[in-house]
Amino acid sequence: MRVLGLDYGDRRIGVAVSDGLGWTATALKTIERKNPNDLKDSIEEIGRIVSEYSIQYVVLGYPKNMDGTEGENCRKVATFKDKLQKAYPNLQIEFFDERLTTARAHQIFNEVGIKVKNKGKGSIDKLAAQIILQGYLDMRR
């Protein structure tokens, strides 16, 4: 069973997908969002990915504050989850704590000597999605 990992943001959604056995996550793409309030195009693009990879399960990064409280970004992610679930009712969608995943993605790029401004911020988002998904897969095992 393949699992889809999403790192939701106001301007971009990082996307990662697992292998067929659910062991490893691979960064797939970044969905650019022109309007933070319009989720229709993003949800349709996710639907195409779900269909192409036969996804049944989605892990959505949940951006809690460092002290574990839920802030404005959690509300935005929850709204996105509700709209995604409404569009694709057969998908199982679960939150996964994503604290420090973007910082870890930046750290990885720095460790291998890649400057983010040369690579593009979308690369950070899809790597963050991969980190979220891999964390979920590891926890599940």
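**Figure 1. Contacts across the whole chain of this predicted model.** Among the contacts in the protein with a separation of 6 or more, 62% are between residues 24 or more positions apart. Buried residues account for 41% of the 141 residues in the protein. The secondary structure comprises five helices and five strands. Reading from the N terminus, you will meet these elements in the order β-β-β-α-β-α-β-α-α-α.

**Figure 2. A close-up of strand β4, residues 57-62.** Have a look at both sides of this strand: Y57, V59 and G61 point one way from β4, while V58, L60 and Y62 point the other way. The residues of both sets are all buried. Because six of the six residues of β4 are buried, the strand is largely enclosed by the rest of the structure.

**Figure 3. The pairing of β4 with β1 and β5.** Strand β1 (residues 3-8) runs parallel to β4, and four bridges join the two. To find your way here, start at L4, whose bridge partner in β4 is V58. Strand β5 (residues 92-97) is also parallel to β4, joined to it by six bridges. A handy landmark for this pairing is V59, which has E94 as its bridge partner in β5.

**Figure 4. The β-α-β unit that includes helix α2.** Three elements make up this view: β4, helix α2 (residues 72-87) and β5. Together they form a β-α-β unit that is right-handed. For β4 and β5, recall the parallel arrangement with six bridges.

**Figure 5. The second largest pocket and its lining.** The volume of this pocket is about 150 Å³. Its lining consists of I31, E32, R33, K34, N35, D38, D41, S42 and E45. By class, six of these residues are charged, two are polar and one is nonpolar. Both β3 (25-32) and α1 (40-53) supply at least two residues each to the lining. Helix α1 gives the largest share, with three residues.

**Figure 6. A closer look at E45, one of the residues lining the second largest pocket.** You can find E45 in helix α1. With a relative accessibility of 16%, E45 falls under the 20% cut-off and therefore counts as buried. Leaving aside residues up to four places away in sequence, E45 touches K29 and I31. I31 is another familiar face from the previous view, as it too is listed in the lining of the second largest pocket.

Definitions and conventions:
Residues are numbered from 1 along each chain as its sequence is written. This is a predicted model: local features need pLDDT of at least 70, side-chain atom pairs count only at pLDDT 80 or more; totals for chains, interfaces and linings use all residues. Side-chain values use heavy atoms; hydrogens and water are left out. On a 1 Å grid over the protein atoms alone, a cavity is a set of points where a 1.4 Å probe fits but cannot get out, and a pocket is an open set with protein on both sides within 12 Å along at least five of seven lines; lining residues have an atom within 4 Å of a point. Grid points are joined across faces, edges and corners, and a volume is the space filled by probe spheres set on the points. Ala, Val, Leu, Ile, Met, Phe, Trp, Tyr, Cys and Pro count as nonpolar, Asp, Glu, Lys and Arg as charged, and the others, Gly among them, as polar. Buried means under 20% relative accessible area, exposed over 50%, partly exposed in between (1.4 Å probe, protein chains only). Two strands pair if DSSP finds at least two bridges between them. A crossover is right-handed if, with the strands pointing away from the viewer, the path from the first strand over the helix to the second runs clockwise. Contact means heavy atoms within 4.5 Å.
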